[in-house]
Amino acid sequence: MYQFNWSGIASSLPTLAQGMLITVQITVAAVIVGIVWGAILALLRLSSIKPLAWFAQLYVTIFRSIPLVMVLLWFFLLVPQLLKSLLDLPPDIDIRFASAIIAFSLFEAAYYSEIIRAGIQSVPRGQVYAANALGMTYMQSMRLVVLPQAFRAMVPLLLTQGIVLFQDTALVYVIGLADFFRTATNIGERDGQLVEMVLFAGACYFVICLFASTLVGRFQKRYAR
């Protein structure tokens with residue numbers, strides 16, 4: 001029978017914390033960029049200008065039809081030099097970290113776009129007609145009337161997608177980025193405690209996601225009242 005040895009976890013906590021920091025950085029950056037770009041895509045999708053609407057629809061369809069792990073590998077293997085030249089990245093930056101943030105941001109934007117589009121469409125059309133009657137332009141009515149109401153209704157879904165994104169960051173394992181999960185497995189392989197470290201990492205993900213889901217649930221109930 002396998003004998004569990006948990007003695008190495010305590011001494012590894014500082015290193016694991018560094019990995020968790022990378023995980024959180026990727027999550028926060030991808031959520032912010034994903035929501036902003038997703039909102040733009042949602043507005044383009046609802047635009048009466050057909051080429052813009054087609055572009056947004058094609059973008060969402062492509063990224064929602066490709067596995068996330070493939071997107072990560074594409075950005076890491078195929079376009080590292082392109083990223084450095086376009087974004088003027090310093091030579092000492094970890095291209096794996098930059099690739100992960102960009103890949104997650106672009107990928108999640110497709111999902112945030114659909115959430116935001118649904119939220120916008122849930123706002124009664126009468127609100128738009130009233131804004132137009134007051135002399136507001138399309139963008140003014142969206143910015144001042146529709147989006148504030150839509151985002152209030154969408155917050156629980158946006159936060160839930162953020163939790164899913166946090167879980168998905170473990171996929172950066174495939175490009176060798178030392179996030180929380182990769183750091184845990186590296187320590188486990190080094191110390192001969194791989195099973196223990198993987199179980200500990202899984203428990204950490206479970207506790208964090210359960211806590212975040214509970215907060216989202218409470219926020220949703222408060223909003224429903």
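**A walk through an all-helix model**

At 60% relative accessibility, Lys221 counts as exposed. Here exposed means over 50% relative accessible area, buried means under 20%, and partly exposed lies in between, with a 1.4 Å probe and protein chains only. Lys221 sits in helix H9. Its C-alpha atom is 33 Å from that of Asp179, and the two residues are 42 apart along the chain.

This is a predicted model, in which local features need pLDDT of at least 70 and side-chain atom pairs count only at pLDDT 80 or more, while totals for chains, interfaces and linings use all residues. Residues are numbered from 1 along each chain as its sequence is written, and side-chain values use heavy atoms, with hydrogens and water left out.

Start with the whole chain. The protein chain has nine helices and zero strands. Read along the sequence, its pattern is α-α-α-α-α-α-α-α-α. Helices (H or I, at least four residues) and strands (E, at least two) are DSSP runs, numbered from the N terminus. The C-alpha atoms fill a box of roughly 70 × 50 × 30 Å along the principal axes. Of the 225 residues, 40% are buried. Contact means heavy atoms within 4.5 Å. Among contacts between residues at least 6 apart in sequence, 75% join residues at least 24 apart.

Now look for open space. A pocket is found on a 1 Å grid over the protein atoms alone: a 1.4 Å probe fits at its points, and it is an open set with protein on both sides within 12 Å along at least five of seven lines. Lining residues have an atom within 4 Å of a point. Grid points are joined across faces, edges and corners, and a volume is the space filled by probe spheres set on the points.

The largest pocket holds about 420 Å³ of space. It is lined by 17 residues, and those closest to its centre are Thr27, Leu159, Gly162, Ile163 and Ala212. Which helices supply at least two residues each to this lining? They are helix H1 (7–45), helix H7 (138–168) and helix H9 (194–224). H7 gives the most, with six residues. By class, the lining has 15 nonpolar, two polar and no charged residues. Ala, Val, Leu, Ile, Met, Phe, Trp, Tyr, Cys and Pro count as nonpolar, Asp, Glu, Lys and Arg as charged, and the others, Gly among them, as polar.

The second largest pocket has a volume of about 220 Å³. Its lining includes Leu46, Ser47, Ile120, Arg125, Tyr138 and Val146. Helix H5 (95–122), helix H6 (125–133) and H7 each give two or more residues. H7 again gives the most here, with three residues. The lining divides into eight nonpolar residues, three polar and one charged.

One residue of that lining deserves a stop: Ser47. It lies in the loop between H1 and helix H2 (50–64). Is Ser47 buried or exposed? Its relative accessible area is 18%, so Ser47 is buried. Leaving aside neighbours within four places in sequence, Ser47 is in contact with Leu52 and Ala53.

Next come the aromatic rings. Rings of Phe, Tyr and Trp (its six-membered ring) pair if their centres lie within 6.5 Å; planes under 30 degrees apart count as stacked, over 60 as edge-to-face and the rest as tilted. The whole structure has seven aromatic pairs. Phe55 and Tyr59 form a tilted one, 6.4 Å centre to centre with 50° between the planes. Both lie in helix H2, four residues apart, about one turn of the helix. Phe55 is partly exposed at 40% relative accessibility, whereas Tyr59 is buried at 10%. Ring pairs link these two with Trp37 and Phe63 into a cluster.

Phe107 and Tyr111 form another tilted pair, 5.4 Å centre to centre with 40° between the planes. They are four residues apart in helix H5, so about one helical turn separates them. Phe107 is buried, with a relative accessible area of 6%. Tyr111 is partly exposed, at 23%.

Last, the cysteines. How many disulfides does a search of the whole structure find? It finds zero. A disulfide is a pair of cysteine sulfur atoms within 2.5 Å. The closest cysteine sulfur to that of Cys204 is in Cys209, 11 Å away, so the two are too far apart for a bond. Cys209 itself is buried, at 7% relative accessibility.
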